Amino acid sequence: MTSDHPRPVGRAPVAIYICSGDEPAADLIAAHVRVFARARRWTVAVLAVDSNPTQPLAERPGWQDITDALSENRACGVVTWTRDMIHDDPLNSPGRQLAAFDRLATVLLERGAFLTAATHPGTPAGTLPERRSPGDHWRRRDLASSAAGLFIPRRAAGRGTDPRTSGC
(Lines give C-alpha, C1' and ligand atoms only; values in the text may rest on other atoms or scores of the structure.)
Protein backbone atom coordinates (compact mmCIF):
# COMPACT_ATOMS: atom_id res chain seq x y z
CA MET A 1 0.00 0.00 0.00
CA THR A 2 1.48 3.37 -0.98
CA SER A 3 0.68 6.83 0.26
CA ASP A 4 0.92 10.27 -1.29
CA HIS A 5 1.69 11.72 2.12
CA PRO A 6 5.24 13.22 2.24
CA ARG A 7 5.97 12.25 5.86
CA PRO A 8 7.43 8.88 6.84
CA VAL A 9 5.33 6.39 8.75
CA GLY A 10 5.92 6.48 12.50
CA ARG A 11 5.31 8.85 15.37
CA ALA A 12 3.41 11.94 14.28
CA PRO A 13 5.13 15.25 15.08
CA VAL A 14 2.62 17.74 16.47
CA ALA A 15 2.57 21.37 17.49
CA ILE A 16 0.97 22.32 20.79
CA TYR A 17 -0.84 25.66 20.84
CA ILE A 18 -1.96 27.37 24.05
CA CYS A 19 -3.62 30.78 24.32
CA SER A 20 -4.19 32.05 27.85
CA GLY A 21 -3.79 35.41 29.53
CA ASP A 22 -2.68 33.71 32.75
CA GLU A 23 0.97 32.54 32.49
CA PRO A 24 0.91 29.94 35.34
CA ALA A 25 -2.31 28.51 33.91
CA ALA A 26 -0.75 28.39 30.44
CA ASP A 27 2.20 26.39 31.81
CA LEU A 28 -0.15 23.94 33.54
CA ILE A 29 -2.32 23.60 30.44
CA ALA A 30 0.73 23.04 28.22
CA ALA A 31 1.89 20.24 30.52
CA HIS A 32 -1.51 18.53 30.30
CA VAL A 33 -1.66 18.88 26.52
CA ARG A 34 1.84 17.40 26.30
CA VAL A 35 0.62 14.37 28.32
CA PHE A 36 -2.40 14.11 25.99
CA ALA A 37 -0.09 14.09 22.95
CA ARG A 38 2.32 11.55 24.43
CA ALA A 39 -0.57 9.24 25.31
CA ARG A 40 -1.34 9.11 21.60
CA ARG A 41 2.33 8.46 20.80
CA TRP A 42 2.74 11.83 19.11
CA THR A 43 6.06 13.64 19.27
CA VAL A 44 5.84 17.26 20.39
CA ALA A 45 7.83 19.23 17.82
CA VAL A 46 6.68 22.76 18.66
CA LEU A 47 5.15 24.41 21.72
CA ALA A 48 3.66 27.87 21.17
CA VAL A 49 1.96 30.00 23.81
CA ASP A 50 0.10 33.25 23.21
CA SER A 51 -1.08 35.51 26.00
CA ASN A 52 -3.75 37.59 24.25
CA PRO A 53 -6.88 35.61 23.25
CA THR A 54 -8.60 38.78 21.97
CA GLN A 55 -5.95 39.31 19.30
CA PRO A 56 -6.88 37.95 15.83
CA LEU A 57 -5.51 34.45 15.35
CA ALA A 58 -3.37 35.33 12.31
CA GLU A 59 -1.65 38.12 14.26
CA ARG A 60 -0.69 36.03 17.28
CA PRO A 61 3.07 35.28 17.34
CA GLY A 62 2.56 31.78 18.73
CA TRP A 63 0.06 30.90 16.01
CA GLN A 64 2.54 32.14 13.39
CA ASP A 65 5.08 29.68 14.84
CA ILE A 66 2.46 26.93 14.43
CA THR A 67 1.74 27.79 10.80
CA ASP A 68 5.48 27.92 10.08
CA ALA A 69 5.93 24.45 11.60
CA LEU A 70 3.06 23.08 9.49
CA SER A 71 4.31 24.64 6.25
CA GLU A 72 7.87 23.41 6.87
CA ASN A 73 6.60 19.86 7.66
CA ARG A 74 8.02 20.00 11.20
CA ALA A 75 4.52 19.16 12.44
CA CYS A 76 1.60 17.33 10.88
CA GLY A 77 -1.01 18.33 13.44
CA VAL A 78 -1.99 20.91 16.03
CA VAL A 79 -3.13 20.06 19.54
CA THR A 80 -4.71 22.61 21.87
CA TRP A 81 -6.44 22.40 25.26
CA THR A 82 -9.92 23.68 24.36
CA ARG A 83 -11.52 24.57 21.08
CA ASP A 84 -12.02 28.18 22.22
CA MET A 85 -8.24 28.84 22.17
CA ILE A 86 -8.33 28.96 18.37
CA HIS A 87 -10.74 31.59 17.10
CA ASP A 88 -11.01 34.98 15.43
CA ASP A 89 -14.11 36.14 17.28
CA PRO A 90 -13.45 39.46 19.07
CA LEU A 91 -16.83 39.16 20.81
CA ASN A 92 -15.74 35.82 22.27
CA SER A 93 -19.06 34.08 21.61
CA PRO A 94 -18.81 30.29 22.07
CA GLY A 95 -20.86 29.37 18.98
CA ARG A 96 -18.68 31.42 16.67
CA GLN A 97 -15.52 30.07 18.31
CA LEU A 98 -16.55 26.46 17.71
CA ALA A 99 -17.45 27.23 14.11
CA ALA A 100 -14.03 28.86 13.58
CA PHE A 101 -12.30 25.81 15.09
CA ASP A 102 -14.26 23.47 12.79
CA ARG A 103 -13.48 25.59 9.71
CA LEU A 104 -9.78 25.62 10.53
CA ALA A 105 -9.80 21.87 11.19
CA THR A 106 -11.32 21.33 7.73
CA VAL A 107 -8.72 23.55 6.06
CA LEU A 108 -5.87 21.73 7.80
CA LEU A 109 -7.34 18.34 6.92
CA GLU A 110 -7.48 19.34 3.25
CA ARG A 111 -3.77 20.18 3.50
CA GLY A 112 -2.86 16.84 5.11
CA ALA A 113 -2.70 18.00 8.72
CA PHE A 114 -5.08 17.83 11.68
CA LEU A 115 -6.36 20.00 14.51
CA THR A 116 -7.62 18.59 17.79
CA ALA A 117 -8.43 19.71 21.31
CA ALA A 118 -7.38 17.73 24.37
CA THR A 119 -10.67 18.32 26.17
CA HIS A 120 -14.13 17.09 25.33
CA PRO A 121 -16.04 19.42 22.96
CA GLY A 122 -18.58 20.16 25.71
CA THR A 123 -15.93 21.45 28.13
CA PRO A 124 -16.80 25.01 29.22
CA ALA A 125 -14.54 27.78 27.96
CA GLY A 126 -11.75 28.74 30.33
CA THR A 127 -11.72 25.34 32.07
CA LEU A 128 -8.33 24.51 33.55
CA PRO A 129 -6.97 21.00 34.07
CA GLU A 130 -7.26 19.56 37.54
CA ARG A 131 -4.18 20.09 39.72
CA ARG A 132 -2.80 16.86 41.12
CA SER A 133 -0.59 16.25 44.10
CA PRO A 134 2.60 14.18 43.77
CA GLY A 135 0.96 11.34 45.70
CA ASP A 136 -1.90 11.03 43.19
CA HIS A 137 0.34 9.11 40.77
CA TRP A 138 1.12 6.49 43.41
CA ARG A 139 -2.51 6.21 44.53
CA ARG A 140 -3.64 5.62 40.93
CA ARG A 141 -0.86 3.05 40.49
CA ASP A 142 -1.86 1.26 43.70
CA LEU A 143 -5.51 1.19 42.63
CA ALA A 144 -4.56 -0.23 39.24
CA SER A 145 -2.36 -2.85 40.89
CA SER A 146 -5.16 -3.82 43.28
CA ALA A 147 -7.62 -4.11 40.42
CA ALA A 148 -5.15 -6.39 38.64
CA GLY A 149 -4.88 -8.60 41.74
CA LEU A 150 -1.30 -7.67 42.51
CA PHE A 151 -0.03 -7.30 46.08
CA ILE A 152 0.96 -3.77 47.06
CA PRO A 153 3.77 -3.74 49.64
CA ARG A 154 3.26 -1.06 52.26
CA ARG A 155 5.28 0.11 55.21
CA ALA A 156 3.55 -0.66 58.51
CA ALA A 157 3.28 2.42 60.72
CA GLY A 158 6.34 3.99 59.15
CA ARG A 159 8.71 1.26 60.42
CA GLY A 160 9.62 0.13 56.90
CA THR A 161 8.37 -3.39 57.45
CA ASP A 162 6.29 -5.61 55.22
CA PRO A 163 2.73 -5.90 56.64
CA ARG A 164 2.71 -9.64 55.84
CA THR A 165 5.61 -10.27 58.21
CA SER A 166 5.31 -7.47 60.76
CA GLY A 167 2.87 -9.29 63.05
CA CYS A 168 0.56 -6.25 63.19
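Is Arg83 buried or exposed? Keep that in mind; the tour comes back to it. One caution before you start: this is a predicted model.

**Stop 1: the whole chain**

Show the chain as a cartoon. There are four helices and four strands. Follow the sequence from its start, and the pattern reads β-α-β-α-β-α-β-α. Of the 168 residues, 35% count as buried. Now look at contacts between residues at least 6 apart in sequence: 63% of them join residues at least 24 apart.

**Stop 2: the sheet**

Select the four strands. They form an open sheet with parallel pairing, in the order 2-1-3-4. Strand 2 (43-50) and strand 4 (114-117) stand at the edges. Each has a single partner strand, so one side of each is left without a neighbour in the sheet. Look along the sheet for its twist, which averages 20 degrees from one strand to the next.

**Stop 3: the strand pairs**

Start with strand 1. Six of its seven residues are buried, so color the strand and look at what covers it. Seven bridges join strand 1 to strand 2, and the two run parallel. Pick Pro13 and find its bridge partner in strand 2, Thr43.

Turn to strand 3. Strand 1 and strand 3 pair in the parallel sense over four bridges. Select Ile16; Val79 in strand 3 stands opposite.

Move on to strand 4. Four bridges join strand 3 (residues 77-80) to strand 4, again in parallel. Here, Thr80 stands opposite Ala117.

**Stop 4: helix 1**

Add residues 23-39, which are helix 1. This helix packs on the sheet and touches strand 1 (13-19), strand 2, strand 3 and strand 4. Compare directions: helix 1 makes about 155 degrees with strand 1. Now trace strand 1, helix 1 and strand 2 in turn. Together they make a right-handed β-α-β unit.

**Stop 5: helix 2**

Add residues 61-71 for helix 2. Helix 2 also packs on the sheet, touching strand 1, strand 2 and strand 3. Its direction makes about 155 degrees with that of strand 2.

Which residues of helix 2 are buried? Show Gly62, Trp63, Ile66, Ala69 and Leu70. Then look down the axis of helix 2. The buried residues fall within an arc of 115 degrees, so they line one face of the helix.

Step past the end of helix 2 to Asn73. Its phi is positive, near 60 degrees.

**Stop 6: the salt bridges**

How many salt bridges does the structure hold? There are two. Side chains of opposite charge can pair when their charged atoms come close.

Stay by the end of helix 2 and show Glu72 and Arg74 as sticks. These two form a salt bridge, with the closest N and O atoms 2.8 Å apart. Arg74 has 39% relative accessibility, so it counts as partly exposed.

Next, select Asp102 and Arg83. Their side chains meet in a salt bridge at 2.6 Å, N to O. This pair links distant parts of the chain, 19 residues apart. Asp102 lies in helix 3 (residues 94-110), and Arg83 lies in the loop between strand 3 and helix 3.

**Last stop: back to Arg83**

Color this pair by accessibility. Asp102, at 37% relative accessibility, counts as partly exposed. Arg83 has 17% relative accessibility. Buried means under 20%. So Arg83 counts as buried.

Terms used: Residues are numbered from 1 along each chain as its sequence is written. This is a predicted model: local features need pLDDT of at least 70, side-chain atom pairs count only at pLDDT 80 or more; totals for chains, interfaces and linings use all residues. Side-chain values use heavy atoms; hydrogens and water are left out. Two strands pair if DSSP finds at least two bridges between them. Axes are lines fitted to C-alpha atoms, for helices over the stretch in contact, and angles run from 0 to 180 degrees between N-to-C directions. Contact means heavy atoms within 4.5 Å. Buried means under 20% relative accessible area, exposed over 50%, partly exposed in between (1.4 Å probe, protein chains only). The arc is that of the directions from the helix axis to the C-beta atoms. A salt bridge is a side-chain nitrogen of Lys or Arg within 4 Å of a carboxyl oxygen of Asp or Glu. A crossover is right-handed if, with the strands pointing away from the viewer, the path from the first strand over the helix to the second runs clockwise.
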